[in-house]
Amino acid sequence: MKILVTGGLGFIGSWLMDSFLKNNDITIIDKSSYKGKLENKNVNFIKQDLSKECIFDKQDIVYHFAAFPDVRLSANDIRKVFDNNILATINVLEACRKSDIKKILFASTSTVYGLKKGSISETSELNPISNYGASKIAGENYIQMYSRLYGIQYVIIRYANIFGPRSDHGVVWDLYHKLKKNPKELLILGNGLQNKSYLYITDTIDATFLAAKQTNDIYNIGSDYQITVDSIAKIIIDEMGLENVTLKHTSSGKVAKGGWKGDVPSFLLDINKIKKLGWKPQTKTEEGIRKYVRWMVENKL
């Protein structure tokens, strides 16, 4: 197949690209420099800032993963998120229309749901509290509109917190690097009771491939298990071999509180829809956190 991955040098995009290499014609679009990351691999690389242009040849499917991905930092630069998440998506869709692309898979997010209690299904109301979540809803709406007007098939995936090797943001990354700077004290944003769903990267890729075979549908992809930030911190501390670390918090109380503007303090995705296709997570959250920390240690990050 001819497959294009936008954001192909990024976290999830690069894992997808590696999995596609055999028996496929792969093109990557990324605004980052190639940096030799993919040397000796049979891929076509196009350096483009998708907020300004998007030009590519006929493809069988486009995996659109290019985005400004940091939920916390999205509150600080509205224009940057608009350019990278909304305008870039419109430009990708226009390129799909002009090149007669038949299918697009869009990386969306669980943050589109906002503050919800209980298990959240794909039919739940969308009510984001972050700039990032709002930008992804806009992308979803444009994709479905292009499908209705121009017949482009789509799959929208609402990811939980995805983590693992190659990721350079998120709670595990942040806490690990705080502990490297100060192995005796760890400041946690919020009260540490934030209770969320996380999914290891290899399970994410398996679920994404399965969802990509479907047509004009939306899937939650995450874990049916929640873990608190304090629990994550303790796993990282143990894996790093640290002792007598004092945990401090920016807020208190017995109810989960967000650590920043736009932080959803608690959520659990209903993943029964993707499970019915034959998928389920293989990596336990604690095991995945330990693997990720070991990778950071081994790579001296």
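Helix 3, spanning residues 131–150 of this predicted model, lies across strand 5, strand 7 (153–159) and strand 11. The direction of helix 3 runs at about 160° to that of strand 5. The strands beneath this helix belong to an open sheet of seven strands, arranged in the order 3-2-1-4-5-7-11 with parallel pairing. At the edges of this sheet stand strand 3 (43–47) and strand 11 (217–221), each of which pairs on one side only. On average, and with direction ignored, neighbouring strands of the sheet are turned by 20° against each other.

A look at one pair of strands helps to make the sheet concrete. Strand 4 (residues 61–64) and strand 5 (residues 103–109) run parallel and are joined by three bridges. Within this pair, Y63 stands opposite L105 of strand 5. Helix 2 (residues 78–98) also packs on the sheet, where it touches strand 1 (2–6), strand 4 and strand 5. The direction of helix 2 makes about 175° with that of strand 4.

Helix 2 and helix 3, both already met on the sheet, also pack against each other. Two packed helices are described by the angle between their axes and the distance between the axes. For helix 2 and helix 3, the angle is about 15° and the axes are 9 Å apart. Angles under 35 degrees count as roughly parallel, so helix 2 is roughly parallel to helix 3. Their crossing is right-handed. On the side of helix 2, the residues that meet helix 3 are I78, V81, N85, I86, T89, I90, L93, E94 and R97. Helix 3 contributes N131, Y132, S135, A138, G139, Y142, I143, Y146 and Y150 to the contact. Sorted by class, the residues of this contact comprise eleven nonpolar, five polar and two charged.

A further sheet is built from three strands. This sheet is open, follows the order 8-10-12 and has mixed pairing. Strand 8 (161–163) and strand 12 (226–228) each have a single partner strand, so one side of each is left without a neighbour in the sheet. Here the average turn between neighbouring strands is 55°, again with direction ignored. Strand 10 (residues 195–200) and strand 12 run antiparallel and are joined by three bridges. In this pairing, S197 has Q226 of strand 12 as its bridge partner. Helix 6 packs on the three-stranded sheet through contacts with strand 10 and strand 12, and its direction makes about 75° with that of strand 12.

Helix 6 (residues 229–239) has a helical neighbour as well, namely helix 4 (residues 171–181). The axes of helix 4 and helix 6 come within 10 Å and cross at roughly 50°, and the two helices are therefore oblique to each other. Helix 4 passes helix 6 in a right-handed crossing. From helix 4, the contact draws on V171, V172, L175, Y176 and L179. The partners on helix 6 are V229, I232, A233, I236 and I237. By class, this contact has ten nonpolar residues, with no polar and no charged ones.

Helix 1 (residues 11–20) and helix 5 (residues 201–212) form another helix pair. Their axes come within 10 Å and cross at roughly 65°, and the crossing is right-handed. Helix 1 takes part through F11, I12, W15, L16, S19 and F20, while helix 5 supplies I201, T202, I205, T208 and F209. The contact of helix 1 with helix 5 has eight nonpolar and three polar residues, and no charged ones.

Aromatic rings add one more detail to this picture. Across the whole structure, a search finds eight aromatic pairs. One of them joins F20 and F209, whose ring centres are 5.2 Å apart and whose planes stand at 50°, so the pair is tilted. Because F20 lies in helix 1 and F209 in helix 5, the pair ties together parts that are 189 residues apart in sequence.

Definitions and conventions:
Residues are numbered from 1 along each chain as its sequence is written. This is a predicted model: local features need pLDDT of at least 70, side-chain atom pairs count only at pLDDT 80 or more; totals for chains, interfaces and linings use all residues. Side-chain values use heavy atoms; hydrogens and water are left out. Two strands pair if DSSP finds at least two bridges between them. Helices (H or I, at least four residues) and strands (E, at least two) are DSSP runs, numbered from the N terminus. Axes are lines fitted to C-alpha atoms, for helices over the stretch in contact, and angles run from 0 to 180 degrees between N-to-C directions. Contact means heavy atoms within 4.5 Å. Angles under 35 degrees count as roughly parallel, over 145 as roughly antiparallel, 65 to 115 as roughly perpendicular and the rest as oblique. A crossing is left-handed if the near helix is turned anticlockwise from the far one by less than a right angle, and right-handed if clockwise. Ala, Val, Leu, Ile, Met, Phe, Trp, Tyr, Cys and Pro count as nonpolar, Asp, Glu, Lys and Arg as charged, and the others, Gly among them, as polar. Rings of Phe, Tyr and Trp (its six-membered ring) pair if their centres lie within 6.5 Å; planes under 30 degrees apart count as stacked, over 60 as edge-to-face and the rest as tilted.
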